[in-house]
Each structure stands twice: as C-alpha cells, then as structure tokens.
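These are my notebook entries on the ligands and empty spaces of one model. I set down what I looked up, entry by entry.

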Amino acid sequence: MPCVRLKLDPNRSAQPMSQSTSAAELALLDVPRERLPRHIAIIMDGNGRWAQQRGLPRIEGHRRGADSVRTTTEECSRLGIAQLTLYCFSSENWKRPRPELNFLMNLLERYMAQQRAEVVQQGIKVTMIGRREGLPDAALREIDRTVAATSGNTGLQVCLAINYGGRAELNDAVRSIARKVQLGQLDPEAITEQTIAQHLYTAGMQDPDLLIRTAGELRLSNFLLWQISYAELWVTECCWPDFGVPQLHQAIREYVQRNRRFGGLVSS
Ligand code: IPE
Ligand code: IPE
Ligand code: MG
C-alpha cells in the first residue's frame, strides 16, 4: 500500500514538539494515500494572542501567520491533498480597529503579489470565496491576478475565504435561488440539497473532510456552516503562527483514526 513517507525539516516549524508526540513519530507521516483527507479546511486563529504572549503588537502575529500559510500550503501540496480552504478574514472581522484592518488588507495584497510566482510554479490553483464588496480594490486586484495566473493549474486547490461568512453565503444562495423561482426557471418543489450546494460560493467543491482550528476555541465562528456538517473537527491550542508541518501531520494522523459513520453504523 503506497504510504506518504516524508522527511521532516525541523526548521519548518517554530513550535516545540508536543510532549505526547516524539520527534521520531513526527518524522514520517505513515498514512496510506487513499486515507488522507481530500479537503482540509483551517480556521487560522490566534495571531493576536501569539503576539501578545511575546509582548509584540498584534500585527506581528498576522505577519508571522502568513509564514504558516506558506508552510501549510506547501506541505498539503507535497502530500497530494486535493483541496485546502483557509479562513483568512471573516465578515465579522470588520469589527476590529481600523489600523489592524488596514494592516491585514495590506498584508493580503502584498502576500498575493509576493507568493504568486512560487504558487504558479508549484502547480497550485488559487480561488477565493467571500463577498468582494467592502474589500479594497488593491487587494482584490492582487487576488484576481493570482486566481487568473493559477487558473490552469491542476495541483492543490487553495481556496481563500476572505470577507467570508457562512450566514452571508447562505443568504446569497437563498437570494439567487429565489430569483430563479421568481423568473420561473426553478420549481420550488425541485429544490434539493444539491440545488442549495450549487448556489453556495463553494459550488463544485467537495465538502471538507477535516476542519482544523488553531488557538483552542471550540466554535465555528461562521465558517462553512453548510459544508462542514460531517467534517472531522481537530482543535489545537497551538496559535496559528506556531502551526507547522508537525501539527498538520498530527491532525491528519488523528483524522485517519476517526470512525466516520455519516449517521450510519459502519465506518467508511
Ligand atoms: C486570526 O487571528 C486572524 C484573523 C482573524 C484575521 P486573530 O487576530 O483572531 O488572533 P486572536 O484570536 O485575537 O489571538
Ligand atoms: C475566526 O477567528 C476568523 C478567522 C480565523 C479569519 P476570529 O478570531 O474572528 O473568531 P472569534 O471572534 O474568536 O469567534
Ligand atoms: Mg481570533
């Protein structure tokens, strides 16, 4: 059975190894390829706390969080994961102070421009979900460029949830379904779960198999409310800037041990 056996570069994570997982255990991700999650979604939380714990401004946590995005994306690509969805900015995050918002939007813009060539070269395909309205033009321009530059790629699909809210997504879906009903293009009796899924921002994407949340909170914070109905949840105390290859491997290993029943009795 082909397994994913990868050597770890210890420099790829700033996070000390957890007590329960030895360095040797982490050195290999001994998981049969067909058991890997096809779609991993991540709530990348804890940038501010990471910085505050070190006496640094919150924005330093965001800056370091961008490095974790790169590491995680590269590793998912190496492992042959099909889809990675990253919660970058929620529709509720506009409640934050203006200077932090400005920094985040600027970081997004710069990250998109700086990483484009590498992402193209790695065969990664980038898409975005979330409302465009409210996002600065400069950030949208760089996102659009990266989406266009990678549209023909067939490797890992990275979906960036930016100005995303699960309820806003459902709201938009209901509106577009209602418009079709009003125009006589859709019979209300013919609306199925599939119809709803096809009207979400994530139309055409598989639902996540594994949802990772960093920084310990046990909540969804309005992320992919429809799509994660049967995702396996994995929460770590590790803040996002400390998240690296060892943590990703640990999440995947624990995911593989889970018994997914989808309401039935037999594990799939
Ligand atoms: C996640 O880190 C990044 C965004 C939500 C943009 P936070 O900024 O929420 O960090 P904490 O939760 O305050 O530590
Ligand atoms: C969730 O984190 C949003 C992102 C990671 C982008 P938050 O920090 O916004 O979540 P809450 O406010 O703790 O629920
Ligand atoms: Mg937070």
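Which element gives the most to the shell around ligand 2? I found that strand β4, residues 83-90, does so, with three residues. I note at the outset that the model is predicted.

**Entry 1: ligand 2**

I listed the surroundings of ligand 2 next. Ile 43, Met 44 and Asp 45 belong to them, as do Tyr 87, Cys 88 and Phe 89. The list goes on with Asn 93 and Arg 96, and it ends with Arg 213, Arg 219 and Ser 221. Sorted by class, I have five nonpolar, two polar and four charged residues in this shell.

I then looked up polar side-chain atoms beside the oxygen atoms of ligand 2. For Ser 221, an N or O atom of the side chain is 2.6 Å from a ligand oxygen. For Arg 96, the corresponding distance from a side-chain N or O atom to an oxygen of ligand 2 is 3.2 Å. For Arg 213, I read 3.4 Å between a polar side-chain atom and an oxygen atom of ligand 2. On its own, ligand 2 has 390 Å² of accessible area, and the protein covers 78% of it.

**Entry 2: ligand 1**

I repeated the search for ligand 1. Its surroundings include the run Met 44, Asp 45, Gly 46, Asn 47, Gly 48 and Arg 49. Arg 58, His 62, Cys 88, Asn 93, Arg 96 and Leu 104 are also around ligand 1. Here I count by class three nonpolar, five polar and four charged residues.

Which elements each supply at least two residues of the shell around ligand 1? I identified α2 (47-53) and α3 (58-79). Of the elements, α2 gives the most to this shell, with three residues.

I also noted the polar atoms beside the oxygen atoms of ligand 1. The side chain of Asp 45 has an N or O atom 2.8 Å from an oxygen of ligand 1. At Gly 48, a polar backbone atom is 2.9 Å from a ligand oxygen. At Gly 46, a polar backbone atom is 3.4 Å from an oxygen of ligand 1. The protein covers 87% of the 370 Å² of accessible area that ligand 1 has on its own.

**Entry 3: the largest pocket**

Where does ligand 2 sit? I located ligand 2 in the largest pocket, and I found that ligand 1 sits in the largest pocket as well. I recorded about 740 Å³ of space in the largest pocket.

Its lining consists of 34 residues. Nearest the centre of the pocket I found Met 44, Asn 47, Tyr 87, Cys 88 and Phe 89. Of these, Met 44 and Cys 88 appear in my list for ligand 1 and in my list for ligand 2. The lining divides into 16 nonpolar, 10 polar and eight charged residues.

I then traced the lining to its elements. At least two residues come from each of α2, α3, β4, α4 (98-121) and β6 (157-164). The largest share is that of α4, with six residues.

**Entry 4: the cavity**

How many cavities of 30 Å³ or more does a search of the whole structure find? I have one on record. About 170 Å³ of space lies in this largest cavity.

I counted 16 lining residues for the largest cavity. Thr 73, Tyr 111, Gln 115, Val 119 and Val 126 are those nearest its centre. By class, eight of the lining residues are nonpolar, four are polar and four are charged.

Which element gives the most to the lining of the largest cavity? I found α4, with six residues. At least two residues of this lining come from each of α3, α4 and β6. These three elements also each supply at least two residues to the lining of the largest pocket.

Conventions: Residues are numbered from 1 along each chain as its sequence is written. Chains are lettered from A and ligands numbered from 1 in the order in which they are written. This is a predicted model: local features need pLDDT of at least 70, side-chain atom pairs count only at pLDDT 80 or more; totals for chains, interfaces and linings use all residues. Side-chain values use heavy atoms; hydrogens and water are left out. A residue is near a molecule or strand if one of its heavy atoms lies within 4 Å of it. A polar contact is a pair of N or O atoms within 3.5 Å; within protein, one must be able to donate a hydrogen and the other to accept it, and residues adjacent in sequence count only if both atoms are side-chain atoms. Accessible areas come from the Shrake-Rupley method with a 1.4 Å probe; for residues, only the protein chains shown count as cover. On a 1 Å grid over the protein atoms alone, a cavity is a set of points where a 1.4 Å probe fits but cannot get out, and a pocket is an open set with protein on both sides within 12 Å along at least five of seven lines; lining residues have an atom within 4 Å of a point. A molecule sits in a cavity or pocket if more than half of its atoms lie within 2 Å of its grid points. Helices (H or I, at least four residues) and strands (E, at least two) are DSSP runs, numbered from the N terminus. Ala, Val, Leu, Ile, Met, Phe, Trp, Tyr, Cys and Pro count as nonpolar, Asp, Glu, Lys and Arg as charged, and the others, Gly among them, as polar. Grid points are joined across faces, edges and corners, and a volume is the space filled by probe spheres set on the points.
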